Amino acid sequence: MKTGITGGIGSGKSYVCKRLEARGIQVYDCDAAAKRLISTSPEIRRQLTRLIGPDAYLPTTDNRQPTLNKAVVARYLLSSPRHARAIDAIVHPAVFRDFQSSGIGWVESAIMYESGLSRLVDRVIVVTAPIEVRIRRVMQRDGISREKVLEWMNRQWPQQEVRQRADFEIVNDGQTDIDEQLERILQEII
């Protein structure tokens, strides 16, 4: 049985995953995997270079792997929804294949439904928090403005829509006990 964990930016899904890992449950991190694969996969490098151009990766003078040119890729990605979908069409399938071959039963992704990853899991847990709590967390964590946080939030599905699709919810409002909620869910799914 595969279990997905999702939640919007600032919801605290990474914290919940750390609580799971403290219980001995390994969680596959899609963001970390995407970064690793973008850096190490020659096929992804070829596809992104073909899509974005030769500036997609920074050249190296030694035998190291070329490094993603984040500024160029971000500019391309944010310039149109079509560009974002084109990058997703390259990266998401590679991450999905990597997850499926990992043997790990739990997976964390902020875009579980948007990416189609939900089709690869048997159940989904959504981590939620009040919008103002999420905004404050991201502003403090990333040192960015409220407007920038809202811009990122607006690129994700609304929390209410994700909550309606998920099988379980963990409220991470800073007051409700996370471990108690996790214990209840683990008892139910085991």
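Here are three short exercises on the structure above, each with a worked solution.

This is a predicted model, in which local features need pLDDT of at least 70, side-chain atom pairs count only at pLDDT 80 or more, and totals for chains, interfaces and linings use all residues. Residues are numbered from 1 along each chain as its sequence is written, and side-chain values use heavy atoms, with hydrogens and water left out.

**Exercise 1: the whole chain**

Work out why the radius of gyration of the chain agrees with that of a compact globule.

Solution. Start with the rule: the radius is taken over C-alpha atoms, and a globule is given 2.2 Å times the number of residues to the power 0.38. For 190 residues this gives a value near 16 Å, and the chain has 18 Å, which agrees. Next, look at the box: the C-alpha atoms fill roughly 50 × 40 × 30 Å along the principal axes. Finally, turn to burial, where buried means under 20% relative accessible area, exposed over 50%, and partly exposed in between, with a 1.4 Å probe and protein chains only. By that cut-off, 45% of the 190 residues are buried.

**Exercise 2: the surroundings of Gly4**

Find the strand that holds Gly4, and name its bridge partners in S5 and S6.

Solution. First, place the residue: Gly4 lies in strand S1, residues 3–6. Strands here are DSSP runs of E with at least two residues, numbered from the N terminus. Two strands pair if DSSP finds at least two bridges between them. S1 runs parallel to S5 (residues 106–108), with three bridges joining them, and Gly4 has Val107 as its partner there. S1 also pairs with S6 in the parallel sense, over four bridges; in S6 the partner of Gly4 is Val124.

Now check the cover. Gly4 counts as buried because its relative accessibility is 0%. Thr3 and Ile5 on one side of S1, and Gly4 and Thr6 on the other, are all buried. With contact meaning heavy atoms within 4.5 Å, the contacts of Gly4 beyond four places in sequence include Met112, Val121 and Ile125. Gly4 and Trp106 are 102 residues apart in sequence, yet 5.8 Å apart in space, C-alpha to C-alpha.

**Exercise 3: the two faces of S7**

Which side chains of S7 point to the buried face, and which to the other?

Solution. Walk along residues 168–171: Phe168 and Ile170 point to one face and are buried, whereas Glu169 and Val171 point to the other and are not. Then find the neighbour: S6 (residues 123–128) pairs with S7 in the parallel sense over four bridges. Val127 stands opposite Ile170.
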